[in-house]
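Morning, everyone. Today I want to talk about pockets. Please have the sequence and the model open.

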Amino acid sequence: MKDPLNMKVKEIQPSGIRKFFDIVSEMKDAISLGVGEPDFETPWHIRKVGIESLEKGKTFYTSNSGLKELKEELCGYLDRRFKLKYHPKDEIFITVGGSEAIDLALRAMIDAGDEVIIPQPSYVSYLPCTVLADGVPVIINLKAENEFRLTPEELLDAVTDKTKLLIMPFPNNPTGSIMTREELEKIAKICIEKDIYVISDEIYCELTYGGKNHVSIAEIPGMKERTIVINGFSKSYAMTGWRLGYACGPKEIISQMLKIHQFAIMCAPTTSQYAAVEAVKLGDEDVARMRESYDKRRRFVVSRLREMGLDCFEPLGAFYVFPSIQSTGMTSDEFANNLLKEQKVAVVPGTAFGDCGEGFLRISYAYSLENLKEALGRMEVFVKAHKKN
C-alpha cells in the first residue's frame with residue numbers, strides 16, 4: 001500500500017511539553033509545574049455572560065471574522081492600552097486561540113522557500129507551523145547573558161535575501177524575557193531597512209512585572225503596516241478552554257488569513273465570543289488581580305531557585321522561570337526525568353523550546369503558592385542529593 005501520510009507531518013516531533021504532562025497525569029501524588037495554564041477559573045462575570053448566551057439560544061455561527069461587538073471592543077482595548085489603531089471591519093478578526101492565528105499568518109504570507117527567522121527558546125508551534133507552510137525556519141539562538149532578548153546583531157546575522165518574516169515572541173514563553181521600547185526600535189529599524197514582515201505573538205502582553213509595561217513592536221513608527229499582532233484570552237483572562245484569540249494587521253494580509261479561516265474553521269466558538277466581550281469590557285480588575293498574584297509567585301520562585309544554588313535571571317513577563325541547571329552536570333532531559341522519577345515533580349526540559357534550551361528548565365508559576373512551596377521543597381532535596389562536589 002502507498003504511504004497515506006504526509007512526509008512533513010511525519011517528520012515533525014510531538015510537543016515536548018505534552019510528554020511530561022501526560023506522564024504526570026497518571027502519577028499519584030505528583031506535582032506539575034510544567035503546563036502554561038492559569039490556575040484561576042475564568043472570572044464568574046465572564047462565565048455568566050457565556051452561560052446567558054446559551055440560555056438565550058445564541059448558538060448559531062457568527063460572521064467568519066467574529067462578532068462585530070467583540071471586534072469593536074478589542075480595537076478600543078488596543079487603542080487604550082497600546083495606542084494601536086485598527087479598523088474593526090477589515091484589520092482584525094477572531095480566531096480559535098492565538099495558535100490558529102499564528103498558523104494562518106504563516107500560511108497566508110509564506111511561499112515555498114521563504115525564510116522565517118525564529119528566535120529560540122520560544123513557543124513550540126512556530127517551527128512546525130513554518131515547516132507546514134513550506135517556509136524555511138532560520139533559528140536564532142538567544143543567549144542567557146542577554147536575558148534571552150533578541151539583539152540587532154543576532155538579527156542581522158540571520159537575515160538573507162530570502163528572509164520574509166521575523167517572529168517576535170515577547171513576552172517570551174519559556175524564558176519570561178521581555179523587550180523594551182528602545183530594544184524594539186533597533187529591531188524595527190532593521191526590519192524596515194531589510195523589508196522584513198513581523199508576526200508579533202503578544203499573548204502574554206498583560207503579564208509584565210517590575211513596572212515594565214508591554215510595548216508592541218507595531219507601536220514603533222513604520223512597523224504597524226508590516227506587523228501581524230497575535231493575541232488572545234487564554235493567559236490574561238484565564239480562558240484557556242474557551243479557545244479564543246485574534247489577529248490584527250494590514251487589511252491585505254488579514255483578508256487572506258480570513259480566507260483560510262473561512263474554509264478551515266468557519267468561525268470561532270460563538271459562546272466564547274460573547275463571554276469575551278464581557279472580558280474586554282469589564283475584565284481589567286480581574287487581570288490586575290491575577291497579575292499581582294503571579295508577581296508574588298514569580299518573586300518567590302526566583303528566590304527559592306537561587307537559594308538552592310540554581311542560577312536564574314529575573315523574568316519580567318509571562319508566568320515562567322527559566323533556571324540554569326548546568327551546575328548539576330545533568331542535561332535538561334536527565335534533570336527533568338530524574339526529578340519526576342525521584343521527587344514526583346514535573347518541569348519541562350529547556351530543549352522542548354529549541355536546542356539552545358539545553359542546560360535550562362521551564363518552570364511555570366501559574367500554580368498556587370502551596371503547590372509551588374511543596375514542589376520547590378522537593379526540588380531542593382533533589383538538587384542537594386545530586387549536587388556536584
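Start with a term. The domain bounds I use come from an automatic or database domain assignment. And keep in mind that this is a predicted model.

Now, where does the largest pocket lie? Domain 1 covers 7–42 + 285–384, and domain 2 covers 57–283. Both give residues to the lining of the largest pocket, so that pocket lies between them.

Next, its volume. The largest pocket holds about 1100 Å³ of space. Its lining counts 50 residues. Nearest the centre are S15, I17, Y123, V124 and S125.

Which elements give two or more residues to that lining? Three of the helices are α1 (7–11), α2 (16–25) and α5 (97–109). Then come β3 (115–120) and α6 (126–132). The largest share belongs to α2, with five residues.

On chemistry, the lining of the largest pocket splits into 23 nonpolar, 16 polar and 11 charged residues.

On to the second largest pocket. About 170 Å³ of space lies there. Its lining is V49, E52, S53, K56, K58, E69, Y274, V277, E278 and K281. Two elements, α3 (44–55) and α10 (270–282), give two or more residues each. Of the elements, α10 gives the most, four residues.

How does this second lining divide by class? Six residues are charged, three are nonpolar and one is polar.

To recap: the largest pocket sits between domain 1 and domain 2, and α2 gives the largest share of its lining. In the second largest pocket, α10 gives the most. Over to you for discussion.

Key: Residues numbered from 1 in each chain as written. Predicted model: local features only at pLDDT ≥ 70, side-chain atom pairs only at ≥ 80, totals over all residues. Heavy atoms only, no water. 1 Å grid on protein atoms, 1.4 Å probe; cavity = no way out; pocket = protein on both sides within 12 Å on 5 of 7 lines; lining within 4 Å. Points joined across faces, edges and corners; volume = space filled by probe spheres on them. Nonpolar A, V, L, I, M, F, W, Y, C, P; charged D, E, K, R; others polar.
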